[in-house]
Amino acid sequence: MKDVILTGVRANEEPTLGNYLGAYVPMVELSNRHAATHQINMFVPDLHSFTTPIDHATLYENILRGVKYYLAAGLDIERDNIDVYRQSFIPAHSEMTWILDCFTYFGEMSRMTQFKDKSAGQTDSITVGLFNYPVLMAADILLYDAKYVPLGEDQFQHLEITRDIALRMNNKFGQELFTVPAPTAEQSKFMGRDKGLRIRSLTDPTKKMSKSDPSENAKILLSDDPDTAVKKILSATTDSVGVINFDFENQPGMSSLLQILALLSGKSQAEVNKEWVGKTRYGDFKKVVADEVYMFLTDFQNRVAAISDDYVLKALAKSEAKMNKIAERKLYKVQTAVGLRRA
Ligand code: TYM
């Protein structure tokens, strides 16, 4: 059996440059590098897309657009072992979640920082879906025995709880029930990084760039008009140090822009730093980053526009049929282990 590399981006809001660089690019790079030896699953976690309120009238279209983004980012779905699918079209995700729920502790879930940040103590208006989000994510991963899960740093804790649930159930029901995903340090190494990636907000660089940030200037959306994106980069909050440094501790805004420049231009971070670190003209630097973002968005949006709904729907139907078989087989194995089916 081939090792599985799997990831997903929700369709709750328009994805940002942070999603693109943190999830799309690593997944596409890994799929190019490992297509001969690995199965690649890039899915849309559509059931995860309304754990916080959204406009449901646009959800279906957003899901299809999410798949187009994967293709525009370079995912080659013409290959047999590269699949795109929607989580809700594979009912085993929901059924597996319930079983995993019963082996997951309330205490460990209460420590999830994403839940704590998003709920911020207002439990009356926060859904059980948001609380249970990491277990559905664990089901997404464990159903396919995924070993590598390219994620931004903000999601590492969810990968850790997935590992904990898998180890716990393997101990109880037999070591071969689930493949335990690689630990986060090994995941980063597999992606060719020394640590996780966290692209910063353009208005408050101590925070990550987030789709759900209410401030439009904090984020570059993949659908942003390129001229608007240029303005956002030129007015990004940096610092008053007066010299460009790659130092996330003291100059997070500047460092995040250096990182964006390296990732979009295809140059190494060392190369970009060599060119810019020590220089004092922030304006010149931002202009170069803005130009790179402009070129990226123009090209990306042209590619998205060239992909038809029909092409996407056909690809989804083919992969969803294949994934339903794999997921049902795994679900049956787990149902048998817990005594719901006869061995
Ligand atoms: P979502 O849609 O919130 O985020 C998608 C991916 O984008 C990464 N990301 C970032 N990376 C770097 N810098 C940022 N500023 C930034 N913001 C977001 C996230 O880390 C993520 O990798 N829970 C997942 C969706 C999911 C999933 C899964 C992923 C559901 N089930 C199973 C993998 C496997 C999420 O955060 O989606």
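In this predicted model, Arg-65 is partly exposed, with a relative accessibility of 31%. Its side chain meets that of Glu-14 in a salt bridge, with 3.0 Å between N and O. Arg-65 belongs to helix α2 and Glu-14 to the loop between β1 and α1, so the pair ties together parts that lie 51 residues apart in sequence. The partner, Glu-14, is buried, at a relative accessible area of 13%. A general point helps in reading such pairs: side chains of opposite charge can pair when their charged atoms come close.

Helix α2 itself is a good place to continue the tour. This helix runs over residues 59-72 and so counts 14 residues. From the first C-alpha to the last, α2 reaches 20 Å, close to the 20 Å expected at 1.5 Å a residue. The helix is mostly covered, with eleven of its 14 residues buried. Among these buried residues are Leu-59, Ile-63, Val-67 and Leu-71, along with Asn-62, Lys-68 and Tyr-70. The cover over the buried residues of α2 includes the strands β1 (3-8), β2 (38-44) and β3 (82-86). Helices α1 (17-34), α12 (282-305) and α13 (309-337) also contribute to this cover. Just after α2 comes Gly-74, which takes a positive phi of about 115°.

Val-44 offers a view of the same region from a strand. This residue is found in β2, one of the elements that cover the buried residues of α2. Val-44 is buried, with a relative accessible area of 2%. Beyond residues up to four places away in sequence, Val-44 touches Ile-63, Val-67 and Tyr-70, three residues listed among the buried ones of α2. Its other contacts are Val-9, Ala-11, Tyr-85, Arg-86 and Gln-87. Tyr-20 lies 24 residues from Val-44 along the chain, and the C-alpha atoms of the two are separated by 14 Å.

Returning to charged pairs, the model holds 17 salt bridges. One of them joins Glu-29 and Arg-33, whose closest N and O atoms are 3.9 Å apart. Both residues lie in helix α1, four residues apart, or about one turn of the helix. Glu-29 is partly exposed, at 41% relative accessible area, and Arg-33 is also partly exposed, at 47%. A second pair is formed by Lys-314 and Asp-310, whose side chains meet at 3.1 Å, N to O. These two residues share helix α13 and are likewise four residues apart, about one turn. Lys-314 is exposed, with a relative accessible area of 56%, whereas Asp-310 counts as partly exposed at 46%. The spacing in these helical pairs fits a general pattern. An α-helix has 3.6 residues a turn, so residues three or four places apart point the same way.

Helix α13 also holds Lys-322. This lysine is partly exposed, with a relative accessible area of 30%. The side chain of Lys-322 reaches the backbone oxygen of Asp-80 at 2.9 Å. Leaving aside neighbours within four places in sequence, Lys-322 is in contact with Asp-80 and also with Gln-39, Asn-81 and Asp-83. Phe-131 is 191 residues away from Lys-322 along the chain, and 30 Å separates their C-alpha atoms.

The ligand is the next stop. It is surrounded by 27 residues, of which the closest are Tyr-133, Asp-140, Asp-154, Ile-199 and Lys-211. A nitrogen atom of the ligand lies 2.6 Å from an N or O atom in the side chain of Asp-140. Polar backbone atoms take part as well: one of Met-209 is 2.9 Å from a ligand nitrogen, and one of Arg-10 is 2.9 Å from a ligand oxygen. On its own the ligand has 710 Å² of accessible area, and the protein covers 99% of it.

A last detail concerns the backbone at Asp-145, in the loop between α6 (128-142) and β4 (146-148). Most residues other than glycine have a negative phi. Asp-145, however, has a positive phi near 55°. At 14% relative accessibility, this residue counts as buried.

Technical notes:
Residues are numbered from 1 along each chain as its sequence is written. This is a predicted model: local features need pLDDT of at least 70, side-chain atom pairs count only at pLDDT 80 or more; totals for chains, interfaces and linings use all residues. Side-chain values use heavy atoms; hydrogens and water are left out. The expected span of a helix is 1.5 Å times one less than its number of residues. Buried means under 20% relative accessible area, exposed over 50%, partly exposed in between (1.4 Å probe, protein chains only). Contact means heavy atoms within 4.5 Å. A salt bridge is a side-chain nitrogen of Lys or Arg within 4 Å of a carboxyl oxygen of Asp or Glu. A residue is near a molecule or strand if one of its heavy atoms lies within 4 Å of it. A polar contact is a pair of N or O atoms within 3.5 Å; within protein, one must be able to donate a hydrogen and the other to accept it, and residues adjacent in sequence count only if both atoms are side-chain atoms. Accessible areas come from the Shrake-Rupley method with a 1.4 Å probe; for residues, only the protein chains shown count as cover.
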